[in-house]
Amino acid sequence: MERDNKIRELYYVDGSTVRKRQASAAPAPRRRPETERPARRPATKTYRSAAIRAEKSLYFSKGYALVMILAVLIMIGSCSFMLMIQNKVSEQERNISSMQLQIQDMEANNAAYEDSLESKYSLDKIYEVATKDLGMVYSQKGQIVYYQSANEDYVKQLKDVPEAK
């Protein structure tokens with residue numbers, strides 16, 4: 001850099017030619033006085049302080065280590081809690097599937113029992129048993145009496161039914 005400045009001071013451009021300056025026109029390089037120079041510290045003190053700072057930066061402080069340990073413990077705890085909850089959910093899903101299979105089996109059994117009951121007693125068989133074995137007969141004309149009830153859910157008979165008109 002300094003050499004480039006010296007070359008520029010010795011030569012100048014005039015059109016397309018480079019000419020040499022006269023020696024008297026070039027100013028002398030300026031030097032700083034001794035009083036302006038900054039005072040230098042001893043190299044060993046700077047090196048020692050840098051080495052101490054570098055060594056300190058390699059070690060964890062107690063506070064930082066405690067925070068990191070706490071963060072790791074919280075992470076491990078939350079992961080184990082999540083795994084426990086996930087295990088419970090999968091177990092409940094298995095229970096739900098087994099219960100659904102039991103419900104399907106019970107519905108199939110109920111349908112089979114209902115079919116067997118329907119096929120066991122037909123209406124003709126019921127009529128035959130009622131009329132022959134139990135002595136029941138069909139009602140005759142005029143024996144059926146219709147009347148209005150205030151409560152349509154059920155009928156409670158407190159006295160005799162009135163005679164037909």
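In the predicted model, the secondary structure of the chain amounts to 4 helices and 2 strands, and these elements follow one another from the N terminus in the order α-β-β-α-α-α. Confidence varies along this succession: the mean pLDDT is lowest among the elements in helix α1, which covers residues 2-10 and reaches 61, whereas α3 has the highest mean, at 94. Over the chain as a whole the average pLDDT is 79, with 68% of the residues scoring at least 70.

With respect to solvent accessibility, buried residues account for 1% of the 165 residues in the chain. The accessible surface was computed at about 17,400 Å² for the chain, and carbon and sulfur atoms contribute 57% of that area.

A local feature of this surface is a nonpolar patch of about 350 Å², which is formed by F81, M84, I85 and V89. Of these residues, V89 lies in helix α3, the element that spans residues 62-120 and for which the highest mean pLDDT among the elements of the chain was obtained. V89 has a relative accessibility of 40% and is therefore classed as partly exposed, since that category lies between the buried class, under 20%, and the exposed class, over 50%.

Key
Residues are numbered from 1 along each chain as its sequence is written. This is a predicted model: local features need pLDDT of at least 70, side-chain atom pairs count only at pLDDT 80 or more; totals for chains, interfaces and linings use all residues. Side-chain values use heavy atoms; hydrogens and water are left out. Patches are made of residues with over 30% relative accessible area and no salt bridge: like charges are joined within 9 Å, nonpolar side chains (Val, Leu, Ile, Met, Phe, Trp, Tyr) within 5 Å. Accessible areas come from the Shrake-Rupley method with a 1.4 Å probe; for residues, only the protein chains shown count as cover. A salt bridge is a side-chain nitrogen of Lys or Arg within 4 Å of a carboxyl oxygen of Asp or Glu. Buried means under 20% relative accessible area, exposed over 50%, partly exposed in between (1.4 Å probe, protein chains only). pLDDT is the predictor's confidence in each residue, from 0 to 100.
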